[in-house]
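Colleague: I have the viewer open and some time to spare. Could you walk me through the helix packing and the backbone details?

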Amino acid sequence: MHKEPLALLPEILLLFGAVVTLLAGSFLPRRRQWAARTGAAAALAASLIAAVVLAPGDDRTVYAGTYALDGATDAVRVIVPAAALTVLALASGRVRGDRRETEFCVLVLLGSLGAVLLAGASDLLLLAVAYLLASIPLYALAGWGRDARGAEAALKLYLLGVLLGITMLLGTAVLYGLGGATDYAALADGLPGAPRAALAVGTVALLAGPLFKAGAVPAHFWVPDAASGATVPAAAFLTTIPKIGALVALYRVLTVLPEQDLRWRVLLAVVAVATMTLGNLAAFAQRDPLRLLGYSTISQAGYLLMAVAVAGRAEALRSLLLYLAAYAVTNLGAFAVTAALPDSRTLEAYRGLGRRRPLLAAALTVCLLGLVGTPPTAVFMGKLTVFSATWDGGMAWLAAVAAVNTVASLFYYLRWIAPALSIRGPGPSPRDAGPSGGDGERQEGVAATAEPERWAAGTAVAAASATLVLGAGAGWVLGVLSDTLVR
């Protein structure tokens, strides 16, 4: 049965950390909940170290072919814990002393475990279980703040997640009926020659779940509401870590489908175009930084889907993994800036930030220009490799559309950068500002003069530095990443 418990040590450490953190937090007094948060960070660090140590091992499947240990899983095992540690760091000021501090840490650990299992699943049944594990903690995270906006975000996320989860299970049942098995190796042999109509229905239904986790069209409606309604640390997690596991899961599933019977590459290319275009267009009118970042993550999902559309072609997997790592650190850096200035509720509220908080303004500028894909940031290298793989994969038109969208996205990022780097003072105070209006707008306030939250500010500066370092070392990272998938 190929049972190798130690081969799953990174995943076991995440699960063990969640259980220990939950038990510890249940008995610790409120003023000492920080100990549970420290334990959660230790579990993430231990999982990260174990993943690095185990990465040079042989590529194989374990537990009767249901879980793949290959280059994709190795990369996600590293990226996810590192991103989750960043979330805990930027959340320190917000969750410290809260009576639900332990709950937040446990949910982060379980959500991270779900994302890793999504990426490594090599069986449709395990994929469904991983989807649930990657989804249920997110519903609680969205409403963790227990306010009206968080409750609305959690409800929307829950309803859409349940609907698309059931749809994914329907697709699993259809593909099982067509292929006679649920493990990917047997499906690759059993699906060719299946009735095209049934194969198309099963595939579209199955892809609904991972597309929801990735925040892609047409399952994107929850993203801006979760980004602006949840607490900032929860929003940072929701828009970053599930996307990592979901996109690798999509890539892995699509390599199993018979391309000659189903033109899934065209389907994914159309979804990618719709996702990046809608995300960019919707972001143009946003004045709330969190909603802007929400729509930005939708557009980023579109660029990432380009690599999925050419799955199996040369360099496609390595470019996807590099882009995911770059996106994670850059997106979390942008969210860390908003966590450092919780009273900054509009773009105008950031006016004068560069004069008063130059390091924070520099971190914001690097992260936002990084999300555009400006050299020498990590996302630039991620986009460059994804565009190159897409072009070489025979979809030059998709790369051209993505390039136009990239140029267009510069507009709304500059709408945030410009006031932050302005030499003028900040905008009016909340009591002097008029009532807010429009989609997701809030009252403008004096944010540039507010004292930033230290942990979040430090995380923002560290993330901005990391995106520059990762961009400079992208060639080395690409050399380390593996392009192999096993099933």
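Colleague: Happy to start with the helices. At about what angle do helix α3 and helix α4 pack?

Modeller: Keep in mind that this is a predicted model. Helix α3 covers residues 71-95 and helix α4 covers residues 101-120. Their axes lie 10 Å apart, and the packing angle is about 165 degrees.

Colleague: Are α3 and α4 roughly parallel or roughly antiparallel, then?

Modeller: Angles over 145 degrees count as roughly antiparallel. The angle between these two helices is about 165 degrees, which makes α3 and α4 roughly antiparallel.

Colleague: Is the crossing of α3 and α4 left-handed or right-handed, and how do the contact residues divide?

Modeller: The crossing is right-handed. On the α3 side the contact includes V76, V80, V87 and L88, and on the α4 side it includes F104, C105, V108 and V116. Taken by class, the residues of this contact are 13 nonpolar, 3 polar and 2 charged.

Colleague: Nice. Now to α13 and α18: how are they oriented, roughly parallel or roughly antiparallel?

Modeller: Helix α13 spans residues 289-309 and helix α18 spans residues 396-421. Their axes come within 11 Å and cross at roughly 165 degrees. Since the cut-off is over 145 degrees, α13 and α18 are roughly antiparallel.

Colleague: How many charged residues does the contact of α13 with α18 have?

Modeller: Here the crossing is left-handed. Among the residues that meet are L292, Q300, Y303 and M306 in α13, and N405, T406, Y412 and W416 in α18. The contact divides into 12 nonpolar and 6 polar residues, and the number of charged ones is zero: no charged.

Colleague: Is T21 buried or exposed, and which residues does T21 touch?

Modeller: T21 sits in helix α1, residues 9-27. Its relative accessible area is 3%, and buried means under 20%, so T21 is buried. Leaving out residues up to four places away in sequence, T21 touches A36, G39, A40, T102, C105, V106 and L109.

Colleague: C105 has come up twice. Are C105 and C367 buried or exposed, and how many disulfides are there?

Modeller: C105 has a relative accessibility of 1%, so C105 counts as buried. C367, at 0%, is buried as well. A disulfide is a covalent bond between the sulfur atoms of two cysteines. For this structure, the number of disulfides is 0.

Colleague: On to the backbone. Which peptide bonds are cis?

Modeller: One leads into P218, in the loop between α8 and α9. Another leads into P376, in the loop between α16 and α17. Omega is near 5 degrees for V217 to P218, and also near 5 degrees for P375 to P376.

Colleague: What is the phi of Y63, and what is the phi of A64?

Modeller: Both residues lie in the loop between β1 and β2. Y63 counts as partly exposed at 29% relative accessibility, and A64 is partly exposed at 41%. Neither is a glycine, yet phi is positive in each. The value is about 55 degrees for Y63 and near 60 degrees for A64.

Colleague: Last one: how far apart in space are A64 and S122?

Modeller: Along the sequence, A64 and S122 are 58 residues apart. From C-alpha to C-alpha, the distance in space is 9.9 Å.

Definitions and conventions
Residues numbered from 1 in each chain as written. Predicted model: local features only at pLDDT ≥ 70, side-chain atom pairs only at ≥ 80, totals over all residues. Heavy atoms only, no water. Disulfide = S-S within 2.5 Å. Buried < 20%, exposed > 50% of the residue type's maximum accessible area, 1.4 Å probe, protein only. Axes fitted to C-alpha atoms, helices over the stretch in contact; angles between N-to-C directions. Helix = DSSP H or I, 4+ residues; strand = E, 2+ residues; numbered from the N terminus. Parallel < 35°, antiparallel > 145°, perpendicular 65-115°, else oblique. Left-handed = near helix turned anticlockwise from the far one by under 90°. Contact = heavy atoms within 4.5 Å. Nonpolar A, V, L, I, M, F, W, Y, C, P; charged D, E, K, R; others polar.
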